[in-house]
Amino acid sequence: MTTVATVQWDPYDSGLAADPYPTYRRLREEAPLYYNEEHDFYALSRYSDCEQGLPDWDNYRSGRGMVLEIIKSGFEIPPGTLIMEDPPVHTIHRRLLVKVFTPRRIGALEPKVREFCARALDPYRGRDQFDLMEALGGELPMRVIGMLLGIPEADQASVRDHVGKSISIDDGSGMDVNNAALLSGDIYGDYIDWRRDHPGDDLMTELLHTEFEDENGVRRALTRDEVLGYVTILSGAGNETTGRLVGWIGSALAAHPDQRQELVDDPALIPNAVEEVLRYEPPSMVIARTVHRDAEWHGTTVPAGAALLFVVGSANRDDRRYPHADAFDIHREVGQHLTLGLGAHYCLGAALARLQGRIATQELLTRFPRWDVDWQNAKMAQTSTVRGWETLPLLIR
Ligand code: HEM
């Protein structure tokens, strides 16, 4: 079998953002290993292939980036950017973050997250419509990261805007890697300096003071640049993605009012419903790697040095893994979807993302048990890494 196929897929084509799933289906059926000549990358779109390749960090490396345009740019990855590192350094850095990013710390955020959702949604009680992204999706994740890091509330919105802007793309272009605050981290520098002198019960303080053994066997605290790297990656990885999740919850439940009613009647179903939204509409569709050694996929050799995309948005809709994968079903046994990755780089914020999805759904349904979407005025946002609603006007019933 060859990789020459009639199906074409351009991940930068914003025309596909509305519904990429028919194209993904064709990729899975007609070109399970796809090669795109224009942007020079390979792509795997079947669940079983992504499940096999993603955990294989040795053959599929993150060290040159996990976003296609970063890999292609040859951008020098700043130290501490663990999402773009490989073992053994990645293992050391990840272990350190796991040590401070504890279930206790995440669990402790629950009442604050609930209070924020209530404060954000209460003003819309009695209205007949509001934009879910403006009210909640665009605000919640950055507030939560701010709570986690100890960033003063007054400054959280400007930090969010800065990070958001750097990863938006226009049609046909990619991330401006030279200007990417996602990587530069300078926005947080002042807070780090301030926190050094004003320790608190927050993750930034812990990062500044935690000792660890580095790759040279030296026991030390993190450098300022390394702390910057961690903090920047946390906010870059956890902001837009979780915001889009909130939007997808709003649109998926509008499109399935019977299932929404079940959640109103039995809120214990909400966690699995959030899991199904994650599977059904992943905020991030692809995970990129660099091929370390020649690899054989579907009878074709993918050469060392090539960029390889794991299309997790397609894998989650693979009927071989999920019967009737295009159907949204809050009762489905979702199991291991690939929206949060798999293997060494599995999303460190998974529990925090789920917590926000669950609480946002609970607080939304408590106040507004029924809504439609004004589809005419809903607007899809596409960045090179994230897909979801920018505007989602809910019509309250
Ligand atoms: C729905 C929301 C989210 C989605 C869809 C998502 C998705 C992902 C994915 C796919 C990866 C793996 C990337 C790779 O393999 O190259 C990842 C890694 C990561 N995520 Fe998330 N994420 C979400 C929320 C969060 C949150 C809330 C945080 C923290 C505040 C976070 C922090 C991280 C970090 C630090 C990594 C890097 C882990 C490593 O490289 O070892 N994420 N995320």
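**Notebook: tryptophans, loops and overall form**

I started at W389, which counts as buried at a relative accessibility of 9%. The model I am reading is predicted, and I keep that in mind for each entry below.

From W389 I turned to its neighbour W375, and I noted that the two rings have their centres 5.9 Å apart with the planes at 50°, so I enter the pair as tilted. I then looked up where the partners sit: W375 is in the loop between β11 (371-373) and β12 (379-382), W389 is in strand β13, and the pair links distant parts of the chain, 14 residues apart. Is W375 buried, exposed or partly exposed? I find W375 partly exposed, with a relative accessible area of 46%, whereas W389 is buried.

Next I ran through the aromatic pairs, of which a search of the whole structure finds 14. Among them I picked W248 with W389, again a tilted pair, with 5.6 Å from centre to centre and 55° between the planes. What does this pair tie together? W248 belongs to helix α14 (residues 240-255) and W389 to strand β13 (residues 387-391), so the contact of the two rings joins parts that lie 141 residues apart in sequence. For W248 I wrote down a relative accessible area of 2%, which makes it buried, the cut-off being under 20%.

**W9 and its surroundings**

I then followed a cluster in which ring pairs link W9, Y21, Y24, Y34 and F41. W9 is placed in the segment before α1 (21-30), and with a relative accessible area of 3% I record it as buried. Which residues does W9 touch, if those up to four places away in sequence are not counted? My list for W9 reads L16, T23, Y24, L27, Y34, N36, F41, A43, V286, L309 and V311; Y24, Y34 and F41, which appear in this list, are also members of the ring cluster. I also checked one separation along the chain, and noted that the C-alpha atoms of W9 and D329, 320 residues apart in sequence, are separated by 28 Å.

**L228**

For L228, which I located in helix α13 (residues 224-238), the relative accessible area is 9%, and I count this leucine as buried. I asked how far its C-alpha atom is from that of T81. The answer is 9.0 Å, for two residues that are 147 positions apart along the chain.

**Backbone entries**

I looked for a cis peptide bond and wrote down the one from P87 to P88, with omega near 5°. P88 is in the loop between α3 (68-73) and α4 (89-100).

I also noted positive phi values in residues other than glycine. D40 has a phi of about 55°; I place D40 in the loop between β1 (33-36) and β2 (41-44), where it is partly exposed at a relative accessible area of 38%. H298 has its phi near 50°, likewise positive, and I find H298 in the loop between β8 (295-297) and β9 (300-302), partly exposed at 27%.

**The chain as a whole**

Last, I stepped back to the complete protein chain, in which I count 18 helices and 14 strands. How compact is the chain for its length? Its radius of gyration is 21 Å, close to the 21 Å that the globule rule gives for 397 residues, so I call it as compact as a globular protein of that length. Along the principal axes, the C-alpha trace spans about 60 × 55 × 35 Å.

I noted that 57% of the 397 residues are buried, and that the accessible surface comes to about 16500 Å², 50% of it belonging to carbon and sulfur atoms. Of the contacts with a separation of 6 or more, 71% are between residues 24 or more positions apart. For charge, I recorded 41 positive and 61 negative side chains, and the centres of the two sets lie 4 Å apart.

Note on methods. Residues are numbered from 1 along each chain as its sequence is written. This is a predicted model: local features need pLDDT of at least 70, side-chain atom pairs count only at pLDDT 80 or more; totals for chains, interfaces and linings use all residues. Side-chain values use heavy atoms; hydrogens and water are left out. Helices (H or I, at least four residues) and strands (E, at least two) are DSSP runs, numbered from the N terminus. The radius of gyration is taken over C-alpha atoms; the globule rule is 2.2 Å times the number of residues to the power 0.38. Buried means under 20% relative accessible area, exposed over 50%, partly exposed in between (1.4 Å probe, protein chains only). Contact means heavy atoms within 4.5 Å. Accessible areas come from the Shrake-Rupley method with a 1.4 Å probe; for residues, only the protein chains shown count as cover. Lys and Arg count as positive and Asp and Glu as negative; His and the chain ends are not counted. The place of a charge is taken as NZ of Lys, CZ of Arg, CG of Asp or CD of Glu. Rings of Phe, Tyr and Trp (its six-membered ring) pair if their centres lie within 6.5 Å; planes under 30 degrees apart count as stacked, over 60 as edge-to-face and the rest as tilted.
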